[in-house]
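Subject: Structure handover and findings

Hello,

Here is the structure I promised to pass on. Please open it alongside this note. My findings follow below it.

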Amino acid sequence: MKKRLRGMLLSVLMCAMFMSSVLEVQAAQILYDNEIGIQDEYNYELWKDYGTTSMTLNSGGTFCCQWNDIGNALFRKGKKFEPSETYQQIGNISIDFGCNYQPDGNSYLCAYGWCVDPLVEYYIVESWGTWRPPGAEAKGTITVDGGTYDVYETTRVDKPSIQGVVTFKQYWSVRTERRTSGIISVTEHFKAWERMGMQMGKLYETALNIEGYQSSGWADVYQNTIRISDYDENMNTVVECENMNICGNYAGRIEAPFNGVGLYANGDCCRYTQYFTDNRHCFTLRGCSNNSYMAEVDLLIGGEYKGTFYFGDAYPAEYMIQDIYHGTGSQVIELKVTSDNGLWDVFMDYLQIS
């Protein structure tokens, strides 16, 4: 069966070399000095004290950056809010990210932002360079998104902030094992911090951030999607597969026999983050095989296998897996092919949770 290879090479080369593509209608915007703005509905910022920097603004939340002989520099794209609402009022926040991260010295790859009343700068650190921050004694350990994080609270005295040079708190979740892609359930960290007595005020910003400190390096943030969803007490949710994030070497969006996603080989999947207040639901997937052979799609929640959807032919149909127990809060939902034998492909239309 013919496999479809996704064309990612051009984007990687373009970011690694920090050049704009000649294939784009508009040249990518490149920043060299401190600047704040909005592009593709994402707030961006380059901030540094000194040194050589560049930041290439690509589509959506994606960007490339490089730094050399800097004191301190931050490159980020995310969402800023009117600082009048708490994170609970704003909704459930998650970041789906992927980054080719190449620091040379002290650096962080993290979810980052600020709160006001009280003023707090926060970090959810996924990877780092030569030094694991923040060099303090941990308050405790939490488990989020299948990983373990040490939690810290530190204080900055008379340092730059979004309110000028002042004294403020810093909150940290630092992953015990580095990663450069995945889902960051930002709200789950906020909730865990508050359970540990770390007060969150009104939310000002959430962004994916690359930071360097007295170092050099570069990064290609090729995936950065920030999602904000309401809490759903009485769930009856339908999620279109084409709106999920697609991963794998061959997976791609389709237009026939419906608008959806095609999975063509083992490892191909689509995924998104769902917030659950209850831990028991039924899952229904509409899909089909591309021919008369049986197609199979595994359901994973929070990285755990929960069952398999089966589609016996090319006629679209619904297959339900009932009474699935799973974790509450933000959970990564994955629809994944693991039993491909080269005889079939699977097409998926939507996932219903009830």
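Start at Trp193. Leaving out residues up to four places away in sequence, Trp193 touches Tyr122, Tyr123, Ile124, Val151, Tyr171, Trp172, Ser173, Met198 and Met200. Keep in mind that this is a predicted model.

**Nonpolar cores**

Trp193 belongs to the largest nonpolar core, which has 44 residues. Within this core, Phe75, Trp193, Leu203 and Ile210 touch the most other members. Strand β7 gives the most to the core, with 8 residues. Another core lies apart from this one. That other core has 27 residues, among them Met244, Ala251, Ala295 and Val297.

**Two buried arginines**

Next, Arg179 and Arg175.

Arg179 is found in the loop between β11 and β12 (181-184). Is Arg179 buried or exposed? Its relative accessible area is 15%, under the 20% cut-off, so Arg179 counts as buried. The side chain of Arg179 makes a polar contact with the side chain of Glu126, at 2.5 Å. The Arg179 side chain also reaches the backbone oxygen of Ile183, at 2.7 Å. Setting aside neighbours within four places in sequence, Arg179 is in contact with Phe97, Leu109, Glu126, Ser127, Asp145, Tyr149 and Ile184.

Arg175 lies in strand β11. Arg175 is buried too, because its relative accessible area is 11% and buried means under 20%. Which side chain does the side chain of Arg175 meet in a polar contact? The partner is Tyr149, at 3.0 Å. The backbone oxygen of Glu177 is reached by the Arg175 side chain at 3.1 Å. With neighbours within four places in sequence left aside, the contacts of Arg175 are Val125, Glu126, Trp128, Arg132, Val144, Asp145, Gly146, Gly147, Thr148 and Tyr149.

Glu126, Asp145 and Tyr149 appear in the contacts of Arg179. Glu126, Asp145 and Tyr149 appear in those of Arg175 as well.

**Asp40 and Gly60**

Asp40 is found in the loop between β2 (35-39) and β3. Asp40 is partly exposed, because its relative accessible area is 43% and that class runs between 20% and 50%. How far apart are Asp40 and Gly60 in sequence and in space? They are 20 residues apart in sequence and 5.2 Å apart in space, C-alpha to C-alpha. A polar atom of the Asp40 side chain lies 2.9 Å from the backbone nitrogen of Gly60. Not counting residues up to four places away in sequence, Asp40 touches Asn58, Ser59 and Gly60.

**Backbone points to check**

Two cis peptide bonds come next.

- Asp117 to Pro118 is cis, with omega near 5 degrees. Pro118 is found in the loop between β7 and β8.
- Ala256 to Pro257 is cis, with omega near 5 degrees. Pro257 is in the loop between β17 (252-254) and β18 (260-263).

Then look at phi.

- Asp117 is not a glycine, yet has a positive phi of about 55 degrees. Asp117 sits in the loop between β7 and β8. Asp117 is exposed, because its relative accessible area is 59% and exposed means over 50%.
- Gln214 is not a glycine either, and has a positive phi of about 50 degrees. Gln214 is in strand β14. At 55% relative accessibility, Gln214 counts as exposed.

Asp117 therefore carries a positive phi, precedes a cis bond to Pro118 and is exposed.

**The second largest pocket**

Last, the pocket. The second largest pocket has a volume of about 550 Å³. Its lining has 27 residues. Which of them lie nearest its centre? These are Trp47, Asn72, Leu74, Glu121 and Pro160. The elements giving two or more residues to the lining are β3 (42-48), β6 (72-80), β7 (92-116), β8 (120-128), β10 (147-161), β11 (164-175) and β14 (205-229). By class, the lining has 14 nonpolar, 5 polar and 8 charged residues.

Strand β7 thus comes up twice: among the elements that line this pocket, and as the element that gives the most to the largest nonpolar core.

Best wishes

Methods
Residues are numbered from 1 along each chain as its sequence is written. This is a predicted model: local features need pLDDT of at least 70, side-chain atom pairs count only at pLDDT 80 or more; totals for chains, interfaces and linings use all residues. Side-chain values use heavy atoms; hydrogens and water are left out. On a 1 Å grid over the protein atoms alone, a cavity is a set of points where a 1.4 Å probe fits but cannot get out, and a pocket is an open set with protein on both sides within 12 Å along at least five of seven lines; lining residues have an atom within 4 Å of a point. Grid points are joined across faces, edges and corners, and a volume is the space filled by probe spheres set on the points. Helices (H or I, at least four residues) and strands (E, at least two) are DSSP runs, numbered from the N terminus. Ala, Val, Leu, Ile, Met, Phe, Trp, Tyr, Cys and Pro count as nonpolar, Asp, Glu, Lys and Arg as charged, and the others, Gly among them, as polar. A nonpolar core is a set of buried Ala, Val, Leu, Ile, Met, Phe, Trp, Tyr and Cys residues joined through side-chain atoms within 4.5 Å. Buried means under 20% relative accessible area, exposed over 50%, partly exposed in between (1.4 Å probe, protein chains only). Contact means heavy atoms within 4.5 Å. A polar contact is a pair of N or O atoms within 3.5 Å; within protein, one must be able to donate a hydrogen and the other to accept it, and residues adjacent in sequence count only if both atoms are side-chain atoms.
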